[in-house]
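The following exercises are to be worked with the sequence and the structure at hand. Each task is followed by a solution in steps.

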Amino acid sequence: MSHAVLLVEDDKSIATVITEALREDGFEVTACESIERRDVLLGYGRFDVMLTDVILQDGDGLASIDAVRRAAPDMPVIVLSAQNTLDTAVRASDSDAFEYFPKPFDLDELMQAVAQAVANRPSVEGVEEPEDSALPLIGRSPAMQGVFRMITRVLRNDLTVLITGESGTGKELVAEAIHELGSRKTGPFVAVNMAAIPHDLLESELFGHERGAFTGAVSQQIGKFEQANGGTLFLDEIGDMPAEAQTRLLRALQSGRIRRVGGRQEIGVDVRIVAATNRDLVPMIGEGRFREDLYYRLNVVPIHLPPLRERPEDVGALVRHFLGQAASEGLPNRLASLGAIEALEAREWRGNVRELRNAIFRLALMAREDVIDRSAVDDLLPAVRKPEGESAKHGLEAALEAWFDEARPVDGGVYHAALAAFEKPLFEHTLQRTQGNQLRAARMLGINRNTLRKRLSELDITPENFARRS
């Protein structure tokens, strides 16, 4: 027996691709382009799952989801959207959507989600009105869309989250978003930076102390755990936590109870833990510097924040956001030209989003014109420095020169020999950048996905080997 799918999508090309893929997988598909037609179809037919765009010809597909729930309360809904913002992902989650896919999406992942939705048929809970978020988590890149989707999956539960990523990528912003958009938003959000507290004071800072517990403890102090009771405790730079404090933290997470330094009474606390680190904790476990059992207790839901250099397509939106922020803080109201954006995209941003923000505030203050252009970027920001020992030549040029020296190709054979030498590492590097996602890799390369799959098979490249491991 085939399952019936209702597709609500006003982009004809996307609707055609999805329809053909679903039918190839054995689904019966009924497609429409408007909310009005959707409601008519729901009134006369039964569907096992619905796929819907958000912005349609006659309204907002999510805002009108209550009508869908009344007509088919047990039907899973999968949301598709070109509005790739955190707010859209949260709205999809708040509507009890089975899954949310930002455009462009991986067709294979979408087909898998449809099959799972049909198999699971989850029950539907009440729908709450979504709230707008002013949190500056910005990014339309596939990597950030993955972050947004992970955030929405932890909003209705208290699972412990471990956020990883380089310094300056916005790990605390993710923690704040999980708190502000989740069920604990009415409780306190307490952040503590492990690297900023002397090791001998860390346990007192986390768990509090009683009067006289140690020299200088002239009065009782409430620790961060008790301060965060009923809310969220954000443990930043967890990799810098000393071994003794790790043991006490593990005990607190296991029991839900703490004891102040110098105290005898155990105190129950109701706290959600979100931890973050810019370190790789796995080798630290092998070196005995981080407890393995604590790592597994913290790493229930991993969220990895990509460095800015891996998502240059987000730089423009971030620049506009920071220029607006600068103006709101009293700096001149500036705009950025396309040339300025391109110049900023080309930079490495080793300090990530934090470094970009500081640079934009500097440009807003010091630029002579209201519109910041490429020359202002070049004049006012430090020149991009190459790492020590790196050749002055462009990396690709240096690689070609080295290949010529080593391969010594004969006349008439350079073109095909070079393609054979560089095609495989090019594909492998592209898969590395897209974390094994073939649809994104094909789009980046500018070739058809079927062509990519054929060449990967011929070159003996396995895309799954490049998927990120949590």
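**Exercise 1.** Determine whether Phe234 is buried or exposed, and classify the ring pair that Phe234 forms with Phe189.

*Solution.* The model is a predicted one.

Step 1. The relative accessible area of Phe234 is 0%. A residue counts as buried under 20%, so Phe234 is buried.

Step 2. For Phe189 the relative accessible area is 23%. This value lies between the cut-offs of 20% and 50%, so Phe189 is partly exposed.

Step 3. The ring centres of Phe189 and Phe234 are 6.2 Å apart, and their planes stand at 20°. Centres within 6.5 Å make a pair, and planes under 30 degrees apart count as stacked; the pair of Phe189 and Phe234 is therefore stacked.

Step 4. Phe189 belongs to strand E9 and Phe234 to strand E10 (residues 232-236). With their positions 45 residues apart, the pair links distant parts of the chain.

**Exercise 2.** Classify the aromatic pair of Phe101 and Phe105, and state how many aromatic pairs there are.

*Solution.*

Step 1. The count comes to four aromatic pairs.

Step 2. In the pair of Phe101 and Phe105, the centres lie 6.4 Å apart and the planes form an angle of 70°. Planes over 60 degrees apart count as edge-to-face, and this pair is accordingly edge-to-face.

Step 3. Phe101 and Phe105 are both buried.

**Exercise 3.** Give the strand order of the sheet that contains E9, and explain why E9 and E14 are its edges.

*Solution.*

Step 1. The sheet is open and consists of five strands in the order E9-E10-E13-E8-E14, with parallel pairing.

Step 2. Strand E9 (189-193) and strand E14 (301-304) each have a single partner strand, so one side of each has no neighbour in the sheet.

Step 3. On average, neighbouring strands of this sheet are turned by 20° against each other, direction ignored.

Step 4. Strand E8 (residues 161-164) runs parallel to E14 and is joined to it by four bridges. Within this pairing, Ile163 has Ile303 of E14 as its bridge partner.

**Exercise 4.** Describe the sheet that contains E1 in the same manner.

*Solution.*

Step 1. Five strands, in the order E2-E1-E3-E6-E7, form an open sheet with parallel pairing.

Step 2. Strand E2 (28-32) and E7 are the edge strands, each pairing on one side only.

Step 3. From one strand to the next, the twist averages 15°.

Step 4. Strand E1 (residues 4-8) and E3 run parallel and are joined by four bridges. Leu6 stands opposite Met50 of E3.

**Exercise 5.** Examine the salt bridges of Asp53, Arg311 and Asp293, and state whether the residues involved are buried or partly exposed.

*Solution.*

Step 1. Side chains of opposite charge can pair when their charged atoms come close. The structure holds 30 salt bridges.

Step 2. Asp53 pairs with Lys103, with 3.1 Å between the closest N and O atoms. Asp53 lies in strand E3 (residues 49-53), while Lys103 lies in the loop between strand E7 (99-102) and helix H5 (107-120), so that parts of the chain 50 residues apart are linked. Both Asp53 and Lys103 are buried.

Step 3. Arg311 and Asp314 form a salt bridge whose closest N and O atoms are 2.9 Å apart; both of these residues are buried.

Step 4. Asp293 forms a salt bridge with Arg291, at 2.7 Å between the closest N and O atoms. Asp293 has a relative accessible area of 35% and is thus partly exposed. Arg291 is also partly exposed, at 29%.

Step 5. Salt bridges also link Glu99, Glu109, Arg149 and Arg153 in a network.

**Exercise 6.** Explain why helix H4 is described as largely enclosed.

*Solution.*

Step 1. Helix H4 spans residues 86-94, and seven of its nine residues are buried. Among them are Leu86, Val90 and Asp94.

Step 2. The cover over these buried residues includes strand E6 (77-81), E7, helix H6 (142-153) and helix H7 (171-181).

Step 3. Because seven of the nine residues are buried, H4 is largely enclosed by the rest of the structure.

Step 4. Just after H4, Asp96 adopts a positive phi of about 65°.

Notes. Residues numbered from 1 in each chain as written. Predicted model: local features only at pLDDT ≥ 70, side-chain atom pairs only at ≥ 80, totals over all residues. Heavy atoms only, no water. Pairing = 2+ DSSP bridges. Helix = DSSP H or I, 4+ residues; strand = E, 2+ residues; numbered from the N terminus. Axes fitted to C-alpha atoms, helices over the stretch in contact; angles between N-to-C directions. Salt bridge = Lys/Arg side-chain N within 4 Å of Asp/Glu carboxyl O. Buried < 20%, exposed > 50% of the residue type's maximum accessible area, 1.4 Å probe, protein only. Contact = heavy atoms within 4.5 Å. Phe/Tyr/Trp six-rings, centres within 6.5 Å; stacked < 30°, edge-to-face > 60°.
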